[in-house]
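I opened the model to look up its sheet, its helices and a few single residues. My entries follow in the order I made them.

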Amino acid sequence: MGTVVSLTVPVRPGDGLQADLDRLEAATAVVEDQFAALDAQFSLYRPDSEASRIARGELTLLQASPLMRDLYADAVRWRRRTEGAFTPERPDGLLDLSGLVKGYAIDEAGRSLAALGLHDWCLNAGGDVLVSGSPAPSPAGASPWLAGIVDPADRRTLLGAYPLGPQPPARLAQPPARLALATSGSAERGDHIWTVGLRGPSGPRHAEFTQVSVAAQDIVTADVLATAIVAGGRPALDAVTAHWDVDVLAVARDGGLLATPGFRAPSAA
């Protein structure tokens, strides 16, 4: 997937150092194995991957693995739900599930961490974040994780930090808590997201937004909808905010910001 993955696990008061190290080593190994396996299967940059074999016509989708077919079916459902803004096919017809696989990988890693008995952790894969529990669990009340959102015009600075997980009292009236935040855009990797219906007289036009961040209850929804808004522009943004219980922060090409109330709250500043 060509991205950096980091795992943060707070030290629990009363735990021994060796117990913490053993738990971290086991969790790190699980996450590394899951991302490596999915990358080997779905990366179009690896000529030996299953996705590359499909792209070269050596394998049909009907002959592909159950996981490949299941994720393709999920991608088609998302295309229908987003009215075509999210799609598993590139403009040249090539099947590319990368817009869905990273979210799936993060989600699966999170399930494995829970199966290992870990409650408090933050998993970050290239800026897409999934959390569980709190960075500072306490009998007096857990605090949320803060997911920073980089300014696409100056990647040394942050536009803000969105609280994930346990909500402070001022936000308790806004259930449910968001556990995931995903960011899509062109600031880091260029215009790698194909746009929908954005063609001018001389060819495809640039996307309306250079960066879109979506906070949701799960990482797949956050990741897919962030990609859909970048691809579909303002119509997709309006549809997402009308039909999904999510928060959105969109950065326009002129630097203007469009934000739902969750991103405008003081705790997200």
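**Entry 1: a loop serine.** I count a residue as buried when its relative accessible area is under 20%. The model is predicted, so I keep local features to pLDDT of at least 70. I looked up Ser43 in the loop between α1 (17-42) and α2 (50-55). Is Ser43 buried or exposed? Its relative accessible area is 11%, which is under 20%, so Ser43 is buried. I then listed what Ser43 touches, leaving out residues up to four places away in sequence. The list holds Leu38, Ser49, Ala51 and Ser52.

**Entry 2: the sheet.** Which strands form the open sheet, and in what order? I read seven, ordered β1-β2-β3-β6-β9-β10-β11, with antiparallel pairing. The edges are β1 (5-8) and β11 (257-259). Each has a single partner strand, so one side of each has no neighbour in the sheet. Neighbouring strands are turned by 10° against each other on average, direction ignored.

**Entry 3: pairing around β6.** I went through the strand pairs in turn.
- β3 and β6 are antiparallel and share two bridges.
- Leu130 has Ala180 as its bridge partner in β6.
- β6 and β9 are also antiparallel, over six bridges.
- Ala180 stands opposite Ala216 in β9.

Ala180 thus links my two notes: it is the partner of Leu130 and faces Ala216. How covered is β6? I find five of its six residues buried, so I noted the strand as mostly covered.

**Entry 4: β9 and β10.** I moved along the sheet. Strand β9 (residues 209-216) runs antiparallel to β10 (residues 247-252), and six bridges join them. I picked out Phe209, whose bridge partner in β10 is Ala252.

**Entry 5: helices on the sheet.** Two helices pack on the sheet in my notes. Helix α4 (residues 98-115) touches β1, β2 (121-125) and β3 (128-132). The direction of α4 makes about 155° with that of β2. Helix α5 (residues 219-243) touches β3, β6 (180-185), β9, β10 and β11. Here I took the angle with β9, and it is about 130°.

**Entry 6: the bend in α5.** The length of α5 did not fit a straight helix, so I checked its span. With 25 residues, a straight helix would reach 36 Å at 1.5 Å a residue. The end C-alpha atoms of α5 are only 17 Å apart. Where does α5 bend? I place the bend at Gly233, at about 140°. A proline, Pro235, follows within four residues. I also noted the cover of α5: 18 of its 25 residues are buried.

**Entry 7: salt bridges.** How many salt bridges are there? The count comes to 14. Side chains of opposite charge can pair when their charged atoms come close. I wrote down three pairs.

Asp74 and Arg77 have their closest N and O atoms 2.3 Å apart. Both lie in helix α3 (residues 66-81), three residues apart, or about one turn. Residues three or four places apart in an α-helix point the same way, because there are 3.6 residues a turn. Asp74 is partly exposed at 27% relative accessibility, and Arg77 is partly exposed at 41%.

Arg111 and Glu108 meet at 3.7 Å, N to O. They sit in helix α4, again three residues apart. Arg111 is at 54% relative accessibility; the cut-off for exposed is over 50%, so Arg111 counts as exposed. Glu108 is partly exposed, at 24%. Next I followed the shared partners: salt bridges join Asp39, Arg46 and Asp48 into one network.

Arg53 and Glu58 form a salt bridge at 3.9 Å, N to O. Arg53 has a relative accessible area of 34% and is partly exposed. Glu58 is partly exposed too, at 45%.

**Entry 8: an unusual phi.** I closed with Glu83, in the loop between α3 and α4. Its phi is positive, about 55°, although Glu83 is not a glycine. Is Glu83 buried or exposed? At 72% relative accessibility, I count Glu83 as exposed.

Definitions and conventions: Residues are numbered from 1 along each chain as its sequence is written. This is a predicted model: local features need pLDDT of at least 70, side-chain atom pairs count only at pLDDT 80 or more; totals for chains, interfaces and linings use all residues. Side-chain values use heavy atoms; hydrogens and water are left out. Two strands pair if DSSP finds at least two bridges between them. Axes are lines fitted to C-alpha atoms, for helices over the stretch in contact, and angles run from 0 to 180 degrees between N-to-C directions. Contact means heavy atoms within 4.5 Å. A salt bridge is a side-chain nitrogen of Lys or Arg within 4 Å of a carboxyl oxygen of Asp or Glu. Buried means under 20% relative accessible area, exposed over 50%, partly exposed in between (1.4 Å probe, protein chains only). The bend at a residue is the angle between axes fitted to the seven residues ending there and the seven starting there.
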